[in-house]
Amino acid sequence: MKMTLRWYGSKYDTVTLEQIRQIPGVKGVITTLYYKQPGELWTQEEIHALKEEVEAAGLKIEGIESVNVSDAIKTGSADRDKDIDAYIKTLENLGKEDIHMVCYNFMPVFDWTRTELARKRPDGSTVLAYTQEAVDALNPEKMFDSIAGDMNGTVMPGWEPERMAKVKELFELYKDIDNEKLFENLVYFLKAIMPVCNKYDIKMAIHPDDPAWSVFGLPRIIINKENILRMMHAVDDVHNGVTFCSGSYGTNLENDLPDMIRSLKGRIHFAHVRNLYFHSPTNFEEAAHLSSDGSFDMYEIVKALYDIGFDGPIRPDHGRMIWGEVAMPGYGLYDRALGAAYINGLWEAIEKASTRGI
Ligand SMILES: [Mn+2]
């Protein structure tokens, strides 16, 4: 595996490349052109400039999170082929710049959904949290307003104010889209981009829906083992793969995370590792990465990745806000650095135990 940290770019991130470079074992970043709208072409010059900036700091771009997929592609509307053409061109430009992993998601309207961005934990840290009761009590059009005040002045991915201003129209766009239709549109998209992915060896890594169930009556498809395997079979190409995000699949306690990892051998191109603490199956918060701080057995998750020979980029996922840091919720430096160190420690122990036959 290659340990990385997500970085939003110098204009948007409170964390610098120089800080990332000092986290032991972190040699690369997962980044993006954060200002790009879904459906917009990324030029080779723009990608090249980003790459030079990262490399000047002694790091490497290990992948992109995300090249966002437009609503036209997700809903299969008239503009989809135009947007797919732009997506293909973007992939081509990434390939020419020697970038070979692209994370994306196929979630309608809202990306990841949390009902609190700063829930206080017993140790005084603050974390992102979710309760189904809060979602059920909320008018979806008010969702953004309810959390916007806790974003610490940052723009959170999937929750861009311009996009959220049109939330009513977005719901209208998806009104006839059910799970089957969304799945068909995903397959259509994947079939269209596979030739360019093959040509430049670009591994597509779909991020799961978060939480892993329907929110506000919207369709959700990337939620469990059965659905991902269906997607893998529908477009049976190694470049059609997944981001294994423990904190997203893990929102549904019925998902057996190590078993899912083992069943996706060869198709996990990117891993997000984080822990959740459950008060009940529909009330959870993001814990520190350490197993004992949350509800998951992180050793078993990392062990499963090791056992399937996972060699792609991995990153600590959302961290807690600790030590007075003010940053994008989930994306501060301190707790993600602790997470990276912890995952590196698990990996070293698993690897040495395995290779020394302990
Ligand atoms: Mn994730």
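**Exercise 1. Gln-132 and its surroundings**

Task: Find out whether Gln-132 counts as buried, partly exposed or exposed, and say which element holds this residue.

Solution: Start by counting neighbours in this predicted model. Gln-132 has 16 C-beta neighbours inside 10 Å. A buried residue needs 20 or more, and an exposed one has 12 or fewer, so Gln-132 counts as partly exposed. Next, look for its element: Gln-132 lies in helix α5, which covers residues 132–136. Finally, take a distance to another part of the chain. Thr-115 is 17 residues away from Gln-132 in sequence, and their C-alpha atoms are separated by 8.4 Å.

**Exercise 2. An open sheet**

Task: Work out in which order the strands of the open four-stranded sheet are arranged, and which strands stand at its edges.

Solution: First, write down the order, which is β5-β6-β11-β10, with antiparallel pairing. Then look at the two ends of that order. β5 (116–120) and β10 (276–280) each have a single partner strand, so one side of each has no neighbour in the sheet. As a last step, consider the angle: on average, neighbouring strands here are turned by 35 degrees against each other, direction ignored.

**Exercise 3. The β5–β6 hairpin**

Task: Determine how many bridges pair β5 with β6 and which residues stand opposite Arg-119 and Glu-116.

Solution: Begin with the pairing. β5 and β6 (residues 126–131) run antiparallel and are joined over three bridges. Now pick out individual partners in β6: Arg-119 faces Val-127, while Glu-116 has Ala-129 as its bridge partner. Then move to the connection. The two strands form a hairpin with five residues between them, and Gly-124 in the turn has a positive phi of about 90 degrees.

**Exercise 4. The chain as a whole**

Task: Check whether the radius of gyration agrees or disagrees with that of a compact globule.

Solution: Take the expected value first. For 358 residues, a compact globule would have a radius of gyration near 21 Å; the chain has 19 Å, which agrees. Then look at the extent: along the principal axes, the C-alpha atoms fill a box of roughly 55 × 50 × 40 Å. Add the secondary structure, which consists of 14 helices and twelve strands. Burial comes next, with 44% of the 358 residues buried. To finish, turn to the contacts with a separation of 6 or more: residues 24 or more positions apart account for 75% of them.

**Exercise 5. Inside the core**

Task: Name the residues that touch the most other members of the largest nonpolar core.

Solution: This core has 87 residues, and Ile-20 and Val-102 are the ones with the most contacts to other members. Follow Ile-20 a step further by setting aside its neighbours within four places in sequence. Ile-20 is then in contact with Leu-5, Trp-7, Val-15, Val-26, Val-29 and Leu-59.

**Exercise 6. Helix α14**

Task: Test whether the span of α14 agrees or disagrees with its number of residues, and find what covers its buried residues.

Solution: α14 (residues 334–355) has 22 residues, and at 1.5 Å a residue it should span 32 Å. The end C-alpha atoms of α14 are 32 Å apart, which agrees. Now list the buried residues of α14; among them are Asp-335, Arg-336, Ile-343 and Leu-346. Their cover includes β1 (2–6), β9 (268–273), α13 (298–307) and β12 (313–316). After the helix comes Gly-357, with a positive phi near 65 degrees.

**Exercise 7. Unusual backbone geometry**

Task: Locate the cis peptide bonds at Ser-66 and Pro-211, then examine the positive phi values of Asp-98 and Asp-201.

Solution: Keep the usual case in mind: most residues other than glycine have a negative phi, and most peptide bonds are trans. One cis bond joins Glu-65 and Ser-66, with omega about 0 degrees; Ser-66 sits in the loop between β3 (60–65) and α3 (71–75). Another cis bond joins Asp-210 and Pro-211, and Pro-211 belongs to the loop between β7 (203–207) and α10 (225–234).

Then consider phi. Asp-98 has a positive value of about 65 degrees and lies in the loop between α4 (80–96) and β4 (101–105). With 12 other C-beta atoms within 10 Å, Asp-98 is exposed. For Asp-201, phi is near 50 degrees. Asp-201 lies in the loop between α9 (179–200) and β7, and its 12 C-beta neighbours inside 10 Å make it exposed.

Terms used: Residues are numbered from 1 along each chain as its sequence is written. This is a predicted model: local features need pLDDT of at least 70, side-chain atom pairs count only at pLDDT 80 or more; totals for chains, interfaces and linings use all residues. A nonpolar core is a set of buried Ala, Val, Leu, Ile, Met, Phe, Trp, Tyr and Cys residues joined through C-beta atoms within 7 Å. Two residues are in contact if their C-beta atoms, placed from the backbone, lie within 7 Å. Two strands pair if DSSP finds at least two bridges between them. Axes are lines fitted to C-alpha atoms, for helices over the stretch in contact, and angles run from 0 to 180 degrees between N-to-C directions. The radius of gyration is taken over C-alpha atoms; the globule rule is 2.2 Å times the number of residues to the power 0.38. The expected span of a helix is 1.5 Å times one less than its number of residues.
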